[in-house]
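Student: Before we begin, please show me the model, and then explain what each label used for it rests on.

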Amino acid sequence: MKAPVRWLKPPLLRPRDTVHIVAPAGPFDPPTFEVGLGVLAQRYSPVYQPDLYEAWRYLAGPDSRRAAELTRALTDSNARAIFCARGGYGVMRLLPSLPLADMAPTALVGFSDLTALHLPLQGLGRVTIHGPVVTHLGKQPAAVQEYLFRLLESPEPPPPLEGKASYVPGVVEGPLLGGNLSVLSRLVGTPYMPPLDGALLLLEDVGEAPYRLDRIWTHLRLAGVFDKVRGIVLGDFTGCEQKDAPYSSADVLRSLAEETGLPCAAGFPIGHGIPNYPVALGTQVRLDAGVARLTFLEGAVQA
């Protein structure tokens, strides 16, 4: 892939617009899903296939079901957005069969395992939304839900987000790319990894012990990822502590960030925690790592 010359934003959404609900990864808890679906239904007109609730092992049904459902949503020019039911695992299995280059002008919303869909779309120059999946949306405070609706419905830049810690000070600008650390690392060396030259790299994760975070991060370093990006934006690293260890995951991440020498701030409310604020991947942002502030220089959608 070559770095996009121009990023394509989806058209803005309006209340009662048709939006697809898909389950391309793991199976989900129906009651939790219904709560998130209710939040969306108050704003838009969600549609989904009857077999959305299927489960097979650790997947939301067989590959054929999930690929057909996602293909239908990706190529439907009559819908304005695609919301993913849950992360988990499974999107990588679908990549060779998806018509990503033929995607309609649609806003894609999801995170975690959906990073495997965000990344190749970033390679195609498509702006997508790293934000709560449906099972996560109902757990989010009203401020996050309203921030998501604003992001999808206004071409103006959203309010900045504040992190909790400065690891390496510095001010840098560039397109925000990335997503889940573990999933991103699995796409290194595949045709689905986008160019990262000049990007600000967003990373978050869940359930990875500090030594595993070190191993994944070191893989990215050896692959040359940190030679290409301008800065690092660290979101939530939920459930990543080693019991009884005299160090934290934050201690390890700080050391790893310092080794890169790149401007880096941590603790942004992005990822598996609550709140999980949505951000537009592919849009220009400014990271002031010294004060842990992420400023959005453009909106996620076009009028």
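Tutor: Let us start with pairing: two strands pair if DSSP finds at least two bridges between them, helices and strands themselves being DSSP runs (H or I of at least four residues, and E of at least two) numbered from the N terminus. This is a predicted model, in which local features need pLDDT of at least 70 and side-chain atom pairs count only at pLDDT 80 or more, while totals for chains, interfaces and linings use all residues. Residues are numbered from 1 along each chain as its sequence is written, and side-chain values use heavy atoms, with hydrogens and water left out.

Student: How do you know that S9 and strand S10 are paired?

Tutor: Strand S10 (residues 231–238) and S9 share 6 bridges in the parallel sense, and since at least two are required, the two strands count as a pair. One of the contacts can be followed by residue, for Val206 has Thr238 of S10 as its bridge partner.

Student: What makes S8 a partner of both S13 and S9?

Tutor: S8 is joined to strand S13 (residues 284–288) by 5 bridges, and these two run antiparallel, with Glu173 meeting Arg286 of S13. With strand S9 (residues 200–206), S8 again has 5 bridges, now in the parallel sense, and here Asn180 stands opposite Glu204. Both counts satisfy the requirement of at least two bridges, so both pairings hold.

Student: Why is the pairing of the 8-strand sheet called mixed, and what makes S6 and S7 its edge strands?

Tutor: The open sheet runs in the order S6-S14-S13-S8-S9-S10-S11-S7, and it holds both the antiparallel pair of S8 with S13 and the parallel pair of S8 with S9. S6 and strand S7 (165–168) are the edges, each pairing on one side only.

Student: Why is S8 described as mostly covered?

Tutor: Of the 10 residues in S8 (residues 171–180), 8 are buried, a word that means under 20% relative accessible area, with exposed meaning over 50% and partly exposed lying in between (1.4 Å probe, protein chains only).

Student: How do you know that Asp63 and Arg93 form a salt bridge?

Tutor: The term asks for a side-chain nitrogen of Lys or Arg within 4 Å of a carboxyl oxygen of Asp or Glu, and the closest N and O atoms of Asp63 and Arg93 are 2.9 Å apart, so the pair qualifies. The bridge links distant parts of the chain, with Asp63 in helix H2 (residues 63–74) and Arg93 in helix H3 (residues 91–94), 30 residues apart. Asp63 counts as partly exposed because its relative accessibility is 23%, and Arg93 does so at 42%.

Student: What makes Arg212 and Glu208 a salt bridge, and which of the terms buried and partly exposed fits Glu208?

Tutor: The closest N and O atoms of Arg212 and Glu208 are 2.8 Å apart, which is within 4 Å, so this pair also meets the definition. Glu208 has a relative accessible area of 15% and is therefore buried, whereas Arg212, at 25%, is partly exposed. Elsewhere, salt bridges that share partners join Asp51, Arg65 and Glu69 into one network, and the whole structure holds 9 salt bridges.

Student: What makes the aromatic pair of Trp217 and Phe226 stacked?

Tutor: A search of the whole structure finds 10 aromatic pairs. In the pair of Trp217 and Phe226 the centres are 4.8 Å apart and the planes meet at 25°. Rings of Phe, Tyr and Trp (its six-membered ring) pair if their centres lie within 6.5 Å, and planes under 30 degrees apart count as stacked, over 60 as edge-to-face and the rest as tilted, so this pair is a stacked one. Trp217 is buried at 1% relative accessible area, and Phe226 counts as buried at 8%.

Student: How are the lining residues of the largest pocket classed?

Tutor: Its lining has 4 nonpolar, 5 polar and 4 charged residues, where Ala, Val, Leu, Ile, Met, Phe, Trp, Tyr, Cys and Pro count as nonpolar, Asp, Glu, Lys and Arg as charged, and the others, Gly among them, as polar. The largest share of this lining, 3 residues, comes from H7.
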